[in-house]
Amino acid sequence: MDISEESDPKSHDEVPVTSSYAENLESHFQERYLKKICVVGLDPAAILSEQFSSECLPPMEVSDLLFYLVLETSYYANKQSKAFKSLEACNQMVYGFFASVQGKEIAGKIVVVAKVRHSQRMKDPLVNVWIIAQNDGAIISAHCLGCKAGLAESCSHVARVMFYIEAVTRIQGNLACTQAKCTWSLPTYVNDVPYAKAKPTPTDKLVECHGESCKNGKYFYLACLDLKRMPNNHRTTWKCAACKRVSPAQATNTSTTCSSSSDSSSSEDESDVVITKVTQGETDKTSALANLTDHHFHLIINPTGWLDCDIIQRAHVLLHLENPAIAGFHKPTLGPVRNFVLVSGELVQILHAGNNHWVCVSSIGCVPGYVNLFDSLYHDSVIIQEVEEQTNDLLGGRLIALDPKPVQQQTNGSDCGVFAVAFATSLVFGVDPTFIYFDTQGYLVLLSGDVSLNPGPVNGLDDVVKLRGLKFIHQNIQSLGDKIDQLRLLLQELQSGIQIITLSETWIKADRSDSEYEIPGYKLFRKDRKGNHGGVAVFVHDELVATRRDDLELDTVEGMWLEIAVPKSRSFLVGNFYRPDRTSRYYDKDFMLKLNGILDTASAEGKEMLLFGLPLITHSFLRLKGLP
């Protein structure tokens with residue numbers, strides 16, 4: 001959009017605040033920059049990030065992006081931009097190359113600021129981008145502060161943010177009135193409109209109730225029962241709802257399974273159920289449904305396998321063990337029958353929404369009554385209604401609104417369960433799923449039982465030493481100085497049968513010498529925290545050749561990398577990390593995001609990786625393989 005249409009050019013002195021970035025621009029670029037920000041009277045790069053909100057984004061549509069990136073007249077070339085290459089940024093948006101996207105209304109316009117990652121140089125600092133748009137989503141101007149191409153105002157970083165906002169608009173339904181579904185305008189005195197079921201037509205089918213003393217007419221129209229076809233037992237034992245009711249003394253606890261069809265006639269009305277025994281008692285609604293068998297494992301490794309309730313609940317159990325403070329994780333079979341236990345506080349729950357579909361809901365970070373929806377195959381009709389009803393049951397009728405979040409979408413018809421587990425895992429570990437690109441393979445391996453959240457020897461180290469191949473130990477040692485003698489004695493008793501020892505929370509000060517922690521037959525590598533406690537270290541046996549990989553390390557990530565050369569075998573990478581808990585002042589909420597970038601760089605080398613100190617990694621290229 002031509003900036004002159006919004007405001008006359010202003011001089012530098014008329015702009016209240018400018019950033020150091022604007023001050024250092026060349027004169028002709030600076031003139032253009034000031035002309036753009038005069039629309040709002042402020043330099044977006046100079047505004048504190050705390051003043052922005054992720055909820056204040058303009059309702060951009062595809063037509064807005066097309067007009068700005070392709071049809072808009074370039075300021076410098078004085079012709080159409082035709083930035084068709086920037087349209088490919090949609091793929092980078094799907095892969096989650098974001099750290100944050102937030103907006104703020106200023107001078108009647110919406111200013112969006114974002115931080116995005118480089119697509120090639122993962123260790124480089126995040127790129128700052130700002131966009132100024134009308135309240136209706138029309139894009140006025142944009143700028144990228146992190147690349148020379150950004151001066152052209154339509155680089156891939158800018159386009160990436162625009163595609164993200166368009167996706168949020170599409171998912172959350174912030175569209176223009178001409179694109180919204182038709183609705184009726186109600187009088188001000190009408191709060192609700194009751195709807196009656198459609199009356200059956202003469203051609204509708206009737207189903208007979210086989211209750212011995214049915215007092216409800218004996219015959220029922222399928223349309224009145226919300227059935228699409230005749231129940232399987234309509235000729236033998238089908239009964240209406242009133243005849244199936246039993247007294248409380250006759251009530252029984254019945255197990256439920258996930259429906260494999262959206263046809264409501266596949267519910268319990270179809271089943272020939274004979275009550276043979278009545279029992280009463282309490283049921284643990286967060287325990288495992290069943291032990292996983294070969295059948296479940298075949299489902300997990302099958303590229304088109306659909307995860308069933310047993311597998312999903314197994315993931316629930318593992319995640320609940322990881323963070324017991326988070327509520328939810330109820331058996332998914334309780335949702336369709338509205339039998340959840342009332343939860344309070346922050347929750348995470350995977351729900352079966354019908355049509356063979358799994359979604360994840362969470363109230364982490366939400367105000368009371370509001371719940372976020374993470375759906376890898378977003379729908380806006382029947383499934384959403386089912387999810388709302390189940391979530392409302394989980395909250396005891398206190399649900400105000402369900403907020404769908406823009407997350408990675410599945411590319412087939414069977415991975416919804418894996419994505420739901422991935423979303424839930426990210427939430428448990430304090431990572432926002434909207435900014436993560438997931439590789440489902442790692443989660444399939446976790447669910448298959450081949451990976452434990454905290455692997456370790458069962459029968460003691462003596463048995464481990466007898467095994468063939470390389471042996472590793474990892475220990476959160478909490479002060480290596482106090483326990484170095486114990487560690488020396490242990491390795492002496494094991495006759496140096498452990499090749500690599502990784503340690504976290506070494507609590508070593510930077511001024512301490514390596515000789516104070518020397519262990520005969522081992523070489524020490526360490527990375528000390530610049531502060532109290534923390535720190536990681538690795539002891540490598542002299543029979544191995546170990547090289548420190550400083551190029552893979554970040555100062556802001558408490559971890560270190562080694563490349564290990566094994567005779568007559570390929571070298572591999574060892575990463576040892578420590579992440580403080582949320583109560584520590586060293587806790588970094590962006591830890592997993594930074595780690596993802598490091599692992600992307602390491603994975604490009606094609607070497608096998610062993611990671612220590614982390615119970616679960618959400619990473620797109622991590623391959624879990626055994627070492628020779």
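# Close-up views of a predicted model

**Figure 1. The chain as a whole.** Residues 24 or more positions apart supply 62% of the chain's contacts that have a separation of 6 or more. Keep in mind that this is a predicted model. The chain's secondary structure adds up to 14 helices and 19 strands. Of its 628 residues, 46% are buried.

**Figure 2. Helix α2 and what covers it.** Here we zoom in on α2, which spans residues 27-37. With 8 of its 11 residues buried, the helix is largely enclosed by the rest of the structure. Which residues of α2 are buried? They are Phe29, Gln30, Arg32, Tyr33, Leu34, Lys35, Lys36 and Ile37, so charged side chains turn up in that list too, Arg32 and the two lysines among them. The cover over these buried residues includes α1 (20-23), along with the strands β3 (127-133) and β4 (139-144).

**Figure 3. Strand β3 and its two partners.** One of the strands covering α2 gets its own view here. β3 is itself largely enclosed by the rest of the structure, since 6 of its 7 residues are buried. It pairs with β2 (residues 109-116) in the antiparallel sense, over 7 bridges. To find your way around that pairing, look for Val116, whose bridge partner in β3 is Val127. β3 also pairs with β4, again in the antiparallel sense, this time over 5 bridges. A handy landmark there is Val129, bridged to Cys144 in β4. β3 and β4 make a hairpin, with 5 residues between the two strands. In the turn sits Gly137, with a positive phi of about 100 degrees.

**Figure 4. Cys209 and a neighbouring sulfur.** How many disulfides does the model contain? The count is 0. Cys209 is in no disulfide, and the nearest cysteine sulfur, that of Cys243, lies 3.7 Å away. A disulfide would need the two sulfur atoms within 2.5 Å, so this pair doesn't qualify. Is Cys209 buried or exposed? Cys209 is buried, with a relative accessible area of 0%. Elsewhere in the chain, Cys416 counts as buried as well, at 1% relative accessibility.

**Figure 5. Helices α8 and α10 side by side.** This view pairs up α8 (residues 309-322) and α10 (residues 416-428), whose axes come within 10 Å and cross at roughly 5 degrees. That angle makes α8 roughly parallel to α10. Which residues meet across this contact? From α8 come Ile312, Ala315, Leu319 and Glu322, and from α10 come Gly417, Val421, Ala424, Thr425 and Val428. Sorted by class, the contact has 6 nonpolar, 2 polar and 1 charged residues.

**Figure 6. Leu307 in the loop ahead of α8.** Leu307 is in the loop between α7 (294-301) and α8. Although it's in a loop, Leu307 counts as buried, at 1% relative accessibility. Its C-alpha atom is separated by 8.0 Å from that of His296, a residue 11 places away along the chain.

**Figure 7. The five-stranded sheet.** An open sheet of 5 strands runs in the order β7-β8-β9-β10-β11, and its pairing is mixed. At the edges are β7 (327-328) and β11 (401-405), each pairing on one side only. Inside the order, β9 (residues 358-362) and β10 (residues 370-374) pair in the antiparallel sense over 3 bridges. To spot that pairing, look for Cys360, which stands opposite Phe374 in β10.

**Figure 8. The four-stranded sheet and helix α14.** A further open sheet has 4 strands in the order β16-β17-β18-β19, also with mixed pairing. Why do β16 (545-548) and β19 (609-612) each have one side without a neighbour in the sheet? They stand at the edges with a single partner strand apiece, so nothing in the sheet flanks the other side. On average, and ignoring direction, neighbouring strands here are turned by 25 degrees against each other. β18 (residues 572-577) pairs with β19 in the parallel sense over 4 bridges. Within that pairing, Val574 has Leu610 in β19 as its bridge partner. Helix α14 (residues 591-603) lies across β17 (559-565), β18 and β19, and runs at about 160 degrees to β19.

Conventions
Residues are numbered from 1 along each chain as its sequence is written. This is a predicted model: local features need pLDDT of at least 70, side-chain atom pairs count only at pLDDT 80 or more; totals for chains, interfaces and linings use all residues. Side-chain values use heavy atoms; hydrogens and water are left out. Two strands pair if DSSP finds at least two bridges between them. Axes are lines fitted to C-alpha atoms, for helices over the stretch in contact, and angles run from 0 to 180 degrees between N-to-C directions. Contact means heavy atoms within 4.5 Å. Angles under 35 degrees count as roughly parallel, over 145 as roughly antiparallel, 65 to 115 as roughly perpendicular and the rest as oblique. Buried means under 20% relative accessible area, exposed over 50%, partly exposed in between (1.4 Å probe, protein chains only).
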